[in-house]
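Hi there,

Here is the structure I promised to pass on. Please open it alongside this email, and my notes follow below.

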Amino acid sequence: MTHDLVASLGPLLTAEVSAEAYAAGAEPGDLEQAVWLRLLERLSAHGPPRDPHRWLRSAVRFEARRTRRTAHAERPYAREPSDAADPGPEQLALAAARHRALREAVARLPGRCPRLLEALFSPRDLTYREIAGELGISQGSLGPERSRCLGCLRRSLTPEVAARRGGG
């Protein structure tokens, strides 16, 4: 019986929702889904309505009014919550955790890589000549060495990044 009721009301619901959705500022699919949910709640609590077509028209109008009231009461954010210009405590904590993870990964790298990467990303903005002098290697080997170290860093971070993303 429920299947027959749903099948018979489907085309009427689609037409009613199409007529009401635009004025309500709602997506037709959202409005339709809300009415189907209301019908299921009605069926479980009180059984089928005596006049299903009349009930459906009334339910569509009710949901459209409710949607209009909700939309009217909602206010947009003054700025995006994730605005990077003014990071909140969550963004600061996440950035600190990312920097800590990166520093730990750099410290675990083999050979000269930790010192090389620290020199490359130093706030002193060292030149290749200065870095080569600090590390005691030729300036010409810095590029290949840097590539090798960054590759090691990338490989060491991949499992950590994948583990963090997979937990969501």
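To start with a side chain you can check by eye: is R148 buried, partly exposed or exposed? R148 is partly exposed, because its relative accessible area is 40%. Its salt-bridge partner is E145, and the two side chains meet with N and O 3.0 Å apart. E145 counts as buried, because its relative accessibility is 12%. Both residues sit in helix α7, three residues apart, which is about one turn of the helix.

Before going further, please keep in mind that this is a predicted model.

**The overall picture**

The protein has seven helices and zero strands, so in order from the N terminus the elements read α-α-α-α-α-α-α. It has 168 residues, of which 29% count as buried.

**Helix α3**

I spent some time on α3, which covers residues 52-73. This helix has 22 residues and spans 31 Å between its first and last C-alpha, close to the 32 Å expected at 1.5 Å a residue. Its buried residues are P52, W55, L56, A59, V60, E63, A64 and T67. They lie on the same side of α3, because the arc they cover around the axis is only 165°. On the face turned away from that buried side you will find the exposed residues R54, H72 and A73.

**Salt bridges**

There are six salt bridges in the structure. Besides the pair in α7, two that involve α3 are worth a look.

One of them joins R57 and E16, with 3.5 Å from N to O. This pair connects distant parts of the chain, since R57 belongs to helix α3 and E16 to helix α1 (residues 2-24), 41 residues apart. R57 counts as partly exposed because its relative accessibility is 33%, whereas E16 is buried, with a relative accessible area of 16%.

The other joins E63 and R38, whose closest N and O atoms are 2.6 Å apart. Here too distant parts of the chain are linked: E63 is in helix α3 and R38 in helix α2 (residues 28-46), 25 residues apart. E63 is one of the buried residues of α3, and at 2% relative accessibility it falls under the 20% cut-off for buried. R38, with a relative accessible area of 27%, is partly exposed. Salt bridges with shared partners also bring R38, E63 and R66 together into one network.

**The largest pocket**

As you may want to look at pockets, here is what I have on the largest one. Its volume is about 260 Å³. The lining consists of H99, L102, R103, V106, A107, L117, E118, F121, S122, P123, L150 and L153. Three elements give two or more residues each to this lining: α4 (89-107), α5 (113-120) and α7 (142-166). Which of them gives the largest share? That is α4, with five residues. By type, the lining residues divide into eight nonpolar, two polar and two charged.

**Where to look**

If you only have a few minutes, I would suggest viewing the buried side of α3, then the network of R38, E63 and R66, and finally the lining of the largest pocket.

Best wishes, and happy browsing!

How values were computed: Residues are numbered from 1 along each chain as its sequence is written. This is a predicted model: local features need pLDDT of at least 70, side-chain atom pairs count only at pLDDT 80 or more; totals for chains, interfaces and linings use all residues. Side-chain values use heavy atoms; hydrogens and water are left out. On a 1 Å grid over the protein atoms alone, a cavity is a set of points where a 1.4 Å probe fits but cannot get out, and a pocket is an open set with protein on both sides within 12 Å along at least five of seven lines; lining residues have an atom within 4 Å of a point. Grid points are joined across faces, edges and corners, and a volume is the space filled by probe spheres set on the points. Helices (H or I, at least four residues) and strands (E, at least two) are DSSP runs, numbered from the N terminus. Ala, Val, Leu, Ile, Met, Phe, Trp, Tyr, Cys and Pro count as nonpolar, Asp, Glu, Lys and Arg as charged, and the others, Gly among them, as polar. The expected span of a helix is 1.5 Å times one less than its number of residues. Buried means under 20% relative accessible area, exposed over 50%, partly exposed in between (1.4 Å probe, protein chains only). The arc is that of the directions from the helix axis to the C-beta atoms. A salt bridge is a side-chain nitrogen of Lys or Arg within 4 Å of a carboxyl oxygen of Asp or Glu.
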